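Let's go through this structure the way you might in a study session: ask what a label rests on, then check it against the cut-offs.

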Amino acid sequence: MTPEFECKNCGTCCSQIPLIVAGDVYHIIRHVKVRPEEIVHLYEMDDFEEDFAPDDQLLQMENGVRVMGMKRVDDRCVFRTNGRCAIYAHRPLMCAMHPYMPRDPNEDVLEFNVQCHHGCKGLTKGPMSLEHLKRFRLAFDRFSEREWDYDDMVKRWNRKDRKDRSERAFFKFLGLIE
Ligand code: SF4
Ligand code: SF4
């Protein structure tokens, strides 16, 4: 049974480093008037409090290994303003999925666990309706596609013969700037 979840909007999850993939950034800048460098930050592994190894998303940059995430201001995501998400309808899919985790991501199973490592204050209640569950599974499949696409981009970016590994070159490579 997948429980229905009620978010209490405590903002705890927005005070972590929200990881993003290229598809999230394309989606945000298509709908919100921002430049990629205003919302994207390439984090060092030391920036993460917990052991964290998104192996497929490690970027070989000129100043070391980096991972792409949403920029933070005052220890919160840049879009967390006035106690809410300013881009809620266009938020990254990882945010939209939170705190659900698929029981088996490799199978087309309509079952999710509610799981958060950040002291989530939300409540679980009752079983999720079948209609909601199907919508959620679709969202998860879109999320997976974005991740696979990005994993492929990261492999191409990390090719050994690449000379310019600056942040600007990376944004150009992703097609975020000209
Ligand atoms: S994009 Fe919105 S939901 Fe996601 S971390 Fe930022 S403020 Fe929170
Ligand atoms: S930590 Fe849980 S309750 Fe708090 S904003 Fe995030 S999802 Fe909602």
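**Checking the labels**

Buried residues of helix α4 are covered by, among others, α1 (22-31), β3 and α3 (93-97); being in contact takes C-beta atoms, placed from the backbone, within 7 Å. Helices (H or I, at least four residues) and strands (E, at least two) are DSSP runs, numbered from the N terminus. This is a predicted model, where local features need pLDDT of at least 70, side-chain atom pairs count only at pLDDT 80 or more, and totals for chains, interfaces and linings use all residues. Residues are numbered from 1 along each chain as its sequence is written, while chains are lettered from A and ligands numbered from 1 in the order they are written.

Q: How do you know what the mean confidence of the protein is?
A: Look at pLDDT, the predictor's confidence in each residue, from 0 to 100. The mean is 89, and 97% of the residues reach 70 or more. Among the elements, strand β9 (residues 100-102) has the lowest mean, 80, and strand β3 (residues 59-61) the highest, 97.

Q: Why does the span of helix α4 agree with what it should be?
A: The expected span is 1.5 Å times one less than the number of residues. For the 28 residues of α4 (residues 130-157) that gives 40 Å, and the end C-alpha atoms are 40 Å apart, so the two agree.

Q: Why is Asp-74 called exposed?
A: A residue is exposed if 12 or fewer other C-beta atoms lie within 10 Å of its own, buried if 20 or more do, and partly exposed in between, with C-beta atoms placed from the backbone. Asp-74 has 7 such neighbours inside 10 Å, so it counts as exposed. Asp-75 has 9 within 10 Å, so Asp-75 is exposed too. In α4, by contrast, Phe-143, Arg-146, Glu-147, Tyr-150 and Val-154 are buried.

Q: What makes strand β11 hardly covered?
A: Of the five residues in β11 (residues 123-127), the count of buried ones is zero.

Q: How do you know that β1 and β11 pair?
A: Pairing takes at least two bridges found by DSSP between two strands. Four bridges join β1 (residues 3-6) to β11, and the strands run antiparallel. In one of them, Phe-5 has Thr-124 as its partner.

Q: What makes the peptide bond between His-98 and Pro-99 cis?
A: Its omega is about 0 degrees. Pro-99 sits in the loop between α3 and β9.

Technical notes. Two residues are in contact if their C-beta atoms, placed from the backbone, lie within 7 Å.
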